[in-house]
Amino acid sequence: LWGGSRLRTDFGIKSDLEPLAEAWVLSCHPDGASYLPDGTMLAAYIAAHPGCLGTDCDRFEQFPILTKFIDAKQNLSVQVHPSNEYALKKEHQYGKTEMWYVLDCVPGAYLYYGFTHEISKEEFAERIKNNTLTEVLNAVPVHKGDCFFIPSGTLHAICQGIVIAEVQQNSNVTYRVYDYGRVGADGKPRALHIEKALDVTRRTPPQKQDFGSHLAQCEYFTVDVKSGNFNGTADEKSFVSLLITDGIGTLTCGGETVCVQKGESYFLPAGSGAYRIEGPCETLVTTV
């Protein structure tokens with residue numbers, strides 16, 4: 001409903017969908033599982049290679065992350081994701097903490113990120129009812145290269161003209177709170193999830209985060225951004241996800257070298273050893 005065409009034209013994503021809102025480029029989630037070049041599924045590879053996720057993933061019952069590109073030609077709904085505890089109880093899957101890395105945006109672009117000040121549950125419900133919720137949301141101007149960490153329970157919305165890379169928990173649970181009165185493909189207003197959102201939303205301004213040298217870090221993922229040439233290691237502790245967000249280059253690992261380009265996603269199993277990216281490209285590096 002809100003997507004554009006840039007994931008196809010700018011990032012080389014192959015899809016017949018129009019508009020094309022999201023591309024799940026590293027996923028074992030049943031709603032959009034990733035395939036390897038030979039046509040087999042990433043989940044099947046992981047099942048057939050015990051230990052390929054690394055020892056730091058032993059504590060998870062399933063693949064811990066999901067990585068995607070998002071092209072918001074129009075505003076996304078104002079929404080919130082529940083915690084693990086709530087989502088497992090109500091939805092029978094995990095909750096969602098996520099991070100956004102802004103790849104591009106139009107001049108004047110902004111997004112909603114928490115509240116400007118703390119409000120009561122009663123005021124939250126009333127503002128949803130009378131369509132004044134956006135008056136108390138924290139509207140943040142965005143620029144290319146900005147990063148936002150969104151813990152579960154944080155009310156948020158990507159607004160029009162923004163392209164992002166997202167790294168999140170392996171979940172597809174979203175509670176819509178406000179959707180600008182839009183209708184879906186069936187001509188009916190899209191479903192809202194008000195009662196659940198009232199249960200899980202933190203009605204406060206977002207907390208400032210300090211991740212040191214990292215873009216974002218939590219128990220599910222650590223994300224870094226690298227420009228140009230760099231070396232890394234896929235050790236026994238974690239797999240490495242490499243998402244090429246701009247440019248072209250080469251990836252060398254295990255005696256093999258492949259060409260890489262904007263829009264491509266690479267999975268290095270734990271224990272793969274040293275790797276190197278060379279060339280004028282930008283890479284999001286995710287480990288657990």
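Contact is taken here as heavy atoms within 4.5 Å. In the predicted model, Lys237 touches Leu53, Gly54, Thr55, Asp56 and Cys57, residues up to four places away in sequence not being counted. Lys237 itself lies in the loop that links β13 (230-234) to β14 (240-253). The C-alpha atoms of Lys237 and Ala270 are separated by 6.5 Å in space, although the two positions lie 33 residues apart in sequence numbering terms.

Strand β14, which follows this loop, is joined to β18 by six bridges, and the two strands run antiparallel. Within this pairing, Leu242 is placed opposite Val285 of β18. Strand β18 also pairs with β12 (residues 222-227), again in the antiparallel sense and over six bridges. Here Lys226 faces Thr283 of β18. Strand β18 spans residues 281-287 and is mostly covered, with six of its seven residues buried.

The cysteines were examined for disulfides, with sulfur atoms required to lie within 2.5 Å of each other. The count by this rule is zero. Cys52 takes part in no disulfide, the nearest cysteine sulfur being that of Cys57 at 8.8 Å. Cys57 is also among the residues touched by Lys237. For Cys159, the closest cysteine sulfur belongs to Cys105 and is 12 Å away, so the distance is too far for a bond. Both cysteines without a partner in this description are buried: Cys52 has a relative accessibility of 6%, and Cys159 has a relative accessibility of 1%.

Methods. Residues are numbered from 1 along each chain as its sequence is written. This is a predicted model: local features need pLDDT of at least 70, side-chain atom pairs count only at pLDDT 80 or more; totals for chains, interfaces and linings use all residues. Side-chain values use heavy atoms; hydrogens and water are left out. Helices (H or I, at least four residues) and strands (E, at least two) are DSSP runs, numbered from the N terminus. Buried means under 20% relative accessible area, exposed over 50%, partly exposed in between (1.4 Å probe, protein chains only). Two strands pair if DSSP finds at least two bridges between them.
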